[in-house]
Amino acid sequence: MRFVSKILPLLMAALAVPGQAAELSAAQVAAVLGVPITKAKTEPNRASAKSIDTSYETAGGDAVVIVHRGPISLWAATRAAGGTSTEPFASKGREGYRWKGLNMVCAAGAAEFVCITPSVYYLMAGKQPGDAALRALLDAAL
């Protein structure tokens, strides 16, 4: 059993699809944002069954950020939905954009794209996460 418990994470990493977005842990998000995250809740996206959303929450249940992961086939439509409300936001040389009104940032990987949206917590706190933090989350997710 010890061997299995040590080798299982390596096997899972080897089986991961290249270019597929990675699930971020609550601890990773907390470390990047400097906000105590106690829960990560993942569910299918309401608009697209092909996509999933993970909400990272505080102990009080306030969403801090929402990470949206979708197939690259939906990237163009998602980007077009922002229209003139978007501006470039590159991450590690990947194509990306920021939806200005929401401070949502998105970047495309090989097989999936990821969008990170600051949520209720930042509306109440009155302070948005900086570009470096948002970029770090995108990079970790892709």
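Reader: In the hairpin of strand 5 and strand 6, which residue takes a positive phi?
Author: N103 does, with a positive phi near 60°. Four residues stand between the two strands of this hairpin. Strands here are DSSP runs of E with at least two residues, helices are runs of H or I with at least four, and both are numbered from the N terminus.

Reader: Before I go on, what kind of model is this?
Author: This is a predicted model, in which local features need pLDDT of at least 70 and side-chain atom pairs count only at pLDDT 80 or more, while totals for chains, interfaces and linings use all residues. Residues are numbered from 1 along each chain as its sequence is written, and side-chain values use heavy atoms, with hydrogens and water left out.

Reader: Back to the strands. In which sense do strand 5 and strand 6 pair?
Author: Their pairing is antiparallel and runs over four bridges. Two strands count as paired if DSSP finds at least two bridges between them. Strand 4 (residues 86-88) also pairs with strand 5 (residues 96-99) in the antiparallel sense, over three bridges.

Reader: What is the bridge partner of R98 in strand 6?
Author: That partner is V105. In addition, R98 of strand 5 stands opposite E87.

Reader: How many helices and strands does the protein have?
Author: There are five helices and seven strands. Along the sequence, the pattern is α-α-β-β-β-α-β-β-β-β-α-α.

Reader: New topic: which residues of helix 2 are buried?
Author: They are A26, V29, A30 and L33. Seen down the axis of helix 2, these buried residues fall within an arc of 100°, so they line one face. The arc is that of the directions from the helix axis to the C-beta atoms. Buried means under 20% relative accessible area, exposed means over 50%, and partly exposed lies in between (1.4 Å probe, protein chains only).

Reader: And which exposed residues does the face turned away carry?
Author: It carries A27 and A31. Just after helix 2 comes G34, which takes a positive phi of about 70°.

Reader: What do the buried residues of helix 2 pack against?
Author: They pack against strand 2 (52-57), strand 3, helix 4 (120-125) and helix 5. As an example from the helix, L33 is in contact with V64, V65, Y122, P129, A133 and L137, leaving aside neighbours within four places in sequence. Contact means heavy atoms within 4.5 Å.

Reader: Which members of the largest nonpolar core touch the most other members?
Author: Among its 23 residues, these are V29, L33, I37, V65 and I116. Two or more residues each come from helix 2 (26-33), strand 3 (63-71), strand 6 (104-108), strand 7 (112-118) and helix 5 (131-141). Helix 5 gives the most, with five residues. Another core, of seven residues, lies apart from this one and includes W75, M104, C106 and C115. A nonpolar core is a set of buried Ala, Val, Leu, Ile, Met, Phe, Trp, Tyr and Cys residues joined through side-chain atoms within 4.5 Å.

Reader: Why would such residues be found together?
Author: In soluble globular proteins, nonpolar side chains tend to be buried together.

Reader: Now the rings. How many aromatic pairs are there in the whole structure?
Author: The search finds three. In one of them, the ring centres of W75 and Y97 are 5.5 Å apart and the planes are at 50°, so the pair is tilted. The pair links W75 in helix 3 (residues 75-81) with Y97 in strand 5, 22 residues apart. Rings of Phe, Tyr and Trp (its six-membered ring) pair if their centres lie within 6.5 Å; planes under 30 degrees apart are stacked, over 60 edge-to-face, and the rest tilted.

Reader: Are W75 and Y97 buried or exposed?
Author: W75 is buried, with a relative accessible area of 8%. Y97 is buried as well, at 0%. W75 also forms a tilted pair with F113, at 5.5 Å centre to centre and 55° between the planes. F113 lies in strand 7 and W75 in helix 3, so this pair ties together parts 38 residues apart in sequence. Ring pairs thus link W75, Y97 and F113 into a cluster.

Reader: Last one: what sits over the ring of F89?
Author: The charged end of R135 does, 4.2 Å from the ring centre. A charge sits over a ring if NZ of Lys or CZ of Arg is within 6 Å of the ring centre and within 35 degrees of the ring normal.
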